[in-house]
Amino acid sequence: MPIKDLPLEAQPREKLLARGPGALSDAELLAILLRTGIAGKGVLQMAEDLLQLKNDSASRNSDGGLGGFGGIAGLLHATADDLKRVKGLGPAKRAEIVAVLELARRAMAQRLQEREVFADPGAVKHYLQLHLANKQHEAFAVLFLDSQNKLLAMEELFRGTLSQTSVYPREVAVRALYHQA
């Protein structure tokens, strides 16, 4: 159903302005970004399809499009190339989505750096997922912390293949001395 056929108070943009972003579903928020659908598929349906649970990367929906990204978290790690495979996402929409996702990642990273976040292993896990989950290669990264467990820096020191990475302890020590407060 086209958005214009919905009652005014149910249309995502008007709903957001009247009731705030918390009143919208993930699909409605994404539909605001997408703005338009494609022939035979409204923007809300298109947004819902993008957010559906991820299928095998080679699997396709009945309409020939790829399966969704597994919700907002999955979409957060999508690349421009991943989005290129989605029918109806041209260069402008892909660029806008990737830009918004990068802004969200940077905002989360900034917030994590501004406070004591590494007091428990869960916080470290979330931080590393944010920065390393979308890598297409094996990575060895080091978090440099001060004595209050605040992040000084994170550096990806070594890259490898999908299954292994060579790590040189001397290089880790050199970078630690560089970040010493």
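Let me start in the loop between strand 1 and strand 2, because that is where N149 is found, and I should say at once that what we are looking at is a predicted model. Phi of N149 is near 65°, which is a positive value in a residue other than glycine. As background for that remark, most residues other than glycine have a negative phi. The loop in question belongs to the hairpin of strand 1 and strand 2, with 5 residues between the strands, and N149 itself is partly exposed, its relative accessible area being 34%.

Staying with the hairpin for a moment, strand 1, residues 139-145, and strand 2, residues 151-159, run antiparallel and are joined by 7 bridges. If you want a register to hold on to while you turn the model, A141 stands opposite E156 in strand 2. Following the chain past strand 2, we come to V167, whose place is in the loop between strand 2 and helix 8, the latter covering residues 169-178. V167 counts as partly exposed, at 33% relative accessibility, and its C-alpha atom is separated by 8.2 Å from that of L157, with the two residues 10 apart along the chain.

There is another residue to set beside N149, namely R35, which is found in the loop between helix 2 and helix 3. Phi of R35 is near 70°, again a positive value in a residue other than glycine. R35 counts as exposed because its relative accessible area is 52%, and the cut-off for that class is over 50%.

Let me now step back to the whole chain. Its secondary structure comes to 8 helices and 2 strands, and from the N terminus on the order is α-α-α-α-α-α-α-β-β-α, so the hairpin I began with is followed by one more helix in that order. Of the 181 residues in the protein chain, buried residues make up 28%.

What, then, is in the largest nonpolar core? It has 22 residues, and those with the most contacts inside it are L30, L34, L50, F69, L75, L83 and L89. The elements that give two or more residues to this core are helix 2, helix 3 (residues 43-51), helix 4 and helix 6. Helix 3 gives the most, with 6 residues.

From the core I would like to move to empty space, and in particular to the second largest pocket, which has a volume of about 250 Å³. Three elements give two or more residues to the lining of this pocket, and they are helix 2 (26-34), helix 4 (71-76) and helix 6 (91-114). Helix 6 gives the most to the lining, with 5 residues. By residue, the lining consists of D26, L29, L30, L33, I72, L75, L76, I97, V100, L101, A104 and M108. What is the division of that lining into nonpolar, polar and charged residues? There are 11 nonpolar, no polar and 1 charged. Please note that L30 and L75 appear in this lining, and that L30 and L75 are also among the residues with the most contacts inside the largest nonpolar core.

The last topic is charge pairing. Side chains of opposite charge can pair when their charged atoms come close. The structure holds 10 salt bridges, and I will go through a few of them. The side chains of D49 and K41 meet in one, with an N to O distance of 2.6 Å. Both partners fall under the 20% cut-off for buried residues, since D49 has 13% relative accessibility and K41 has 16%. R85, in turn, forms a salt bridge with D82, the closest N and O atoms being 3.0 Å apart, and here R85 counts as partly exposed, at 45% relative accessibility.

Finally, we return to helix 6, where R105 and E102 both lie, 3 residues apart, about one turn of the helix. Their side chains meet in a salt bridge of 3.2 Å, N to O. R105 is buried, with a relative accessible area of 13%, whereas E102 counts as partly exposed at 27% relative accessibility. Salt bridges that share partners join E102, R105 and R106 into one network, and with that network I will stop and take your questions.

Conventions: Residues are numbered from 1 along each chain as its sequence is written. This is a predicted model: local features need pLDDT of at least 70, side-chain atom pairs count only at pLDDT 80 or more; totals for chains, interfaces and linings use all residues. Side-chain values use heavy atoms; hydrogens and water are left out. On a 1 Å grid over the protein atoms alone, a cavity is a set of points where a 1.4 Å probe fits but cannot get out, and a pocket is an open set with protein on both sides within 12 Å along at least five of seven lines; lining residues have an atom within 4 Å of a point. Grid points are joined across faces, edges and corners, and a volume is the space filled by probe spheres set on the points. Helices (H or I, at least four residues) and strands (E, at least two) are DSSP runs, numbered from the N terminus. Ala, Val, Leu, Ile, Met, Phe, Trp, Tyr, Cys and Pro count as nonpolar, Asp, Glu, Lys and Arg as charged, and the others, Gly among them, as polar. A salt bridge is a side-chain nitrogen of Lys or Arg within 4 Å of a carboxyl oxygen of Asp or Glu. Buried means under 20% relative accessible area, exposed over 50%, partly exposed in between (1.4 Å probe, protein chains only). Two strands pair if DSSP finds at least two bridges between them. A nonpolar core is a set of buried Ala, Val, Leu, Ile, Met, Phe, Trp, Tyr and Cys residues joined through side-chain atoms within 4.5 Å.
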